[in-house]
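Here are some short exercises on how helices pack and what lines a pocket. Have the structure open beside you and try each task before reading its solution.

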Amino acid sequence: MRHRVRGRTLGRNAAHRKALFRNMACSLINSLEAAEDARNKPKVPGRIVTTVEKAKELRPLIEKLITLAKKALPHVDAAEQYATSAARNSEEWKAWRRSERWRQWVKAMAPAVNYRRRAFAVLRDKKAVRILFSTLGPRFRDRPGGYTRVVRLAEFRLGDGGRKAILEFVGERDRLRARRRAAPVVKDAGE
């Protein structure tokens, strides 16, 4: 019986599946800020090509991570009023560290730090966590959900015939259908 068995195994054991999704999630997030001189620079940032099954399994993981980043935003905004602009280890910064404002800043930032640690526990990649909280969280601040889309491709993988799909972030350069122009209205010369 298969009661309460959820998700695809994808022909892998649990540890391999977890590592696969971690790597795919990091690839998707890191593709947003790929270096210009990188050899494997993506053609379109914020998009990966994989199989339909893997994309459907990865999508909830990515969306939960973006929700964590969104939940951290109000705490970061609240802590901003107590922050200092002084350079680290300067005299002004050291005075701020001994002040009551620092304690208030720490208290306001604690939930945001917790969200970052939870995201890092899943991704295990500092660069991906930084991009997640600095770019993706603010980008989807006003969106209630549905941060990614799975688009099936018409081609199949050559080796095993697997169905290919694109997993991408929505919002920027969203797919818009070209609007048909209305036929111009021609008035008769006799009117």
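The exercises below go through three helix pairs and then a pocket, all in a predicted model.

**Exercise 1. Work out how α2 and α4 run relative to each other, and which residues join them.**

Solution. Start with the axes: helix α2 (residues 52–79) and helix α4 (residues 100–123) come within 8 Å and cross at roughly 165°. Angles over 145 degrees count as roughly antiparallel, so α2 and α4 are roughly antiparallel to each other. The handedness of this crossing is left-handed. Next, look at the side facing the partner: α2 brings residues including Leu61, Leu65, Leu68, Ala72 and Val76, while α4 answers with Trp105, Met109, Tyr115 and Val122, among others. Sorting the contact of α2 with α4 by class gives 16 nonpolar, one polar and two charged residues.

**Exercise 2. Describe how α1 crosses α2, and classify the residues in their contact.**

Solution. The axes of α1 (14–30) and α2 come within 10 Å, with a crossing of roughly 70°. An angle between 65 and 115 degrees counts as roughly perpendicular, so that is how α1 and α2 lie to each other. On α1 the contact uses Leu20, Phe21, Met24, Ala25 and Leu28; on α2 it uses Lys54, Glu57, Leu58, Leu61 and Ile62. Eight of these residues are nonpolar, none is polar and two are charged.

**Exercise 3. Do the matching analysis for α2 and α5.**

Solution. Here the axes of α2 and helix α5 (residues 126–139) come within 8 Å and cross at roughly 85°. The pair is therefore roughly perpendicular. From α2 come Leu65, Ile66, Leu68, Ala69, Lys70, Ala72 and Leu73, and from α5 come Leu132, Phe133, Leu136, Gly137 and Pro138. By class, the α2 and α5 contact holds ten nonpolar residues, one polar and one charged.

**Exercise 4. Which residues lie nearest the centre of the largest pocket, and which classes make up its lining?**

Solution. First take the volume: the largest pocket holds about 360 Å³ of space. Its lining has 13 residues, and Arg6, Arg17, Phe21, Glu57 and Leu61 lie nearest the centre. Now place the lining on the helices: α1 and α2 each supply at least two of its residues. Phe21, Glu57 and Leu61 may look familiar, as they also take part in the contact of α1 with α2. Finally, count by class: the lining has seven charged, four nonpolar and two polar residues.

Notes. Residues numbered from 1 in each chain as written. Predicted model: local features only at pLDDT ≥ 70, side-chain atom pairs only at ≥ 80, totals over all residues. Heavy atoms only, no water. Axes fitted to C-alpha atoms, helices over the stretch in contact; angles between N-to-C directions. Helix = DSSP H or I, 4+ residues; strand = E, 2+ residues; numbered from the N terminus. Parallel < 35°, antiparallel > 145°, perpendicular 65-115°, else oblique. Left-handed = near helix turned anticlockwise from the far one by under 90°. Contact = heavy atoms within 4.5 Å. Nonpolar A, V, L, I, M, F, W, Y, C, P; charged D, E, K, R; others polar. 1 Å grid on protein atoms, 1.4 Å probe; cavity = no way out; pocket = protein on both sides within 12 Å on 5 of 7 lines; lining within 4 Å. Points joined across faces, edges and corners; volume = space filled by probe spheres on them.
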